[in-house]
Amino acid sequence: MVEYIAFDADDTLWQSETHFREAQAQFRLLMQEYLNGSYDDRYLHETERRNIQHYGVGIKSFGLSMIETALELTGGRISPEHIRFLVNITKEMLAAPVQVLPEVEAVLDELSGDYPLMVITSGDLLDQEARFVRSGLSEYFRCLEVLSTKDPFSYSRILRRHRIRPEVFLMVGNSLRSDIWPVLEIGGQAVYIPSPGARNEPLQMEEPRPGSYVRLEHIGQLPEWLEARLLAA
């Protein structure tokens with residue numbers, strides 16, 4: 001049985017990846033000017049990966065990684081004006097309107113009367129709190145939890161704090177690595193809803209057991225799936 005439902009935020013409740021792709025495109029053009037067209041996106045991705053341990057994930061971490069990558073690739077030749085350009089890209093991403101994904105609000109309105117709902121997301125605390133408020137969705141949720149890293153320990157800590165047994169907890173998200181596998185490892189349930197256009201993620205772990213999570217094509221299918229589970233119980 002499902003008694004509590006938590007949702008990821010970025011690219012599950014609201015659009016996020018589009019902003020990163022647009023910023024990457026601008027960064028790519030800038031670096032190609034300095035490198036005579038030889039720039040590869042893998043340079044920035046590698047810097048992001050290295051910096052997770054220092055900055056976590058999110059827009060601010062992405063902005064710092066752009067600046068660091070630019071300094072490394074240009075040997076420090078990048079101009080102050082272009083450093084300022086990268087800072088402004090980061091600020092624009094932080095200030096961008098929150099675009100709630102299709103069907104999300106209708107689903108939350110339907111489910112919030114039957115289940116306590118939570119948001120469990122990762123990223124910068126200040127940024128995610130602001131997006132949560134600007135989204136207009138906060139009325140549907142009991143709480144917002146912002147993690148620096150989504151791993152089994154972090155999820156277990158949240159469930160203990162809210163006195164939720166893992167077997168009655170359901171996590172809904174678009175990332176196998178951070179929304180699905182860690183919850184399954186602690187004995188919870190998970191629904192995977194892929195986000196079109198999202199960057200491929202390195203999984204670096206195997207599925208705990210075959211058929212251990214459910215994949216839905218879009219969030220609008222979630223209430224029907226939950227109702228079918230309830231009737232079959």
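**Strand β5 and Ser 195**

User: Are the two faces of strand β5 covered or open, and which residues sit on each side?
Analyst: In this predicted model, both faces of β5 (residues 189–192) are covered. Gln 189 and Val 191 lie on one side, Ala 190 and Tyr 192 on the other, and all are buried.

User: How many bridges does β5 form with strand β4, and in which sense do they pair?
Analyst: There are four bridges between β5 and β4 (residues 169–173), and the pairing is parallel. Within this pair, Val 172 stands opposite Val 191.

User: Which helix does the chain pass through from β4 to β5?
Analyst: The chain goes through helix α8 (residues 176–185). The resulting β-α-β crossover is right-handed.

User: And what about β6, how many bridges join that strand to β5?
Analyst: Strand β6 (residues 214–215) is joined to β5 by two bridges, and these strands run parallel. Here Val 191 stands opposite Val 214.

User: Changing topic: where is Ser 195 found?
Analyst: Ser 195 belongs to the loop between β5 and β6.

User: Buried or exposed, and why?
Analyst: Ser 195 counts as buried because its relative accessibility is 18%, and the cut-off for buried is under 20%.

User: Which residues is Ser 195 in contact with, leaving aside neighbours within four places in sequence?
Analyst: With those neighbours left aside, the contacts of Ser 195 are Asp 11 and Asn 174.

User: What separates the C-alpha atoms of Ser 195 and Thr 12?
Analyst: The separation is 7.2 Å, although Ser 195 and Thr 12 are 183 residues apart along the chain.

Conventions:
Residues numbered from 1 in each chain as written. Predicted model: local features only at pLDDT ≥ 70, side-chain atom pairs only at ≥ 80, totals over all residues. Heavy atoms only, no water. Buried < 20%, exposed > 50% of the residue type's maximum accessible area, 1.4 Å probe, protein only. Pairing = 2+ DSSP bridges. Right-handed = clockwise from strand over helix to strand, strands pointing away. Contact = heavy atoms within 4.5 Å.
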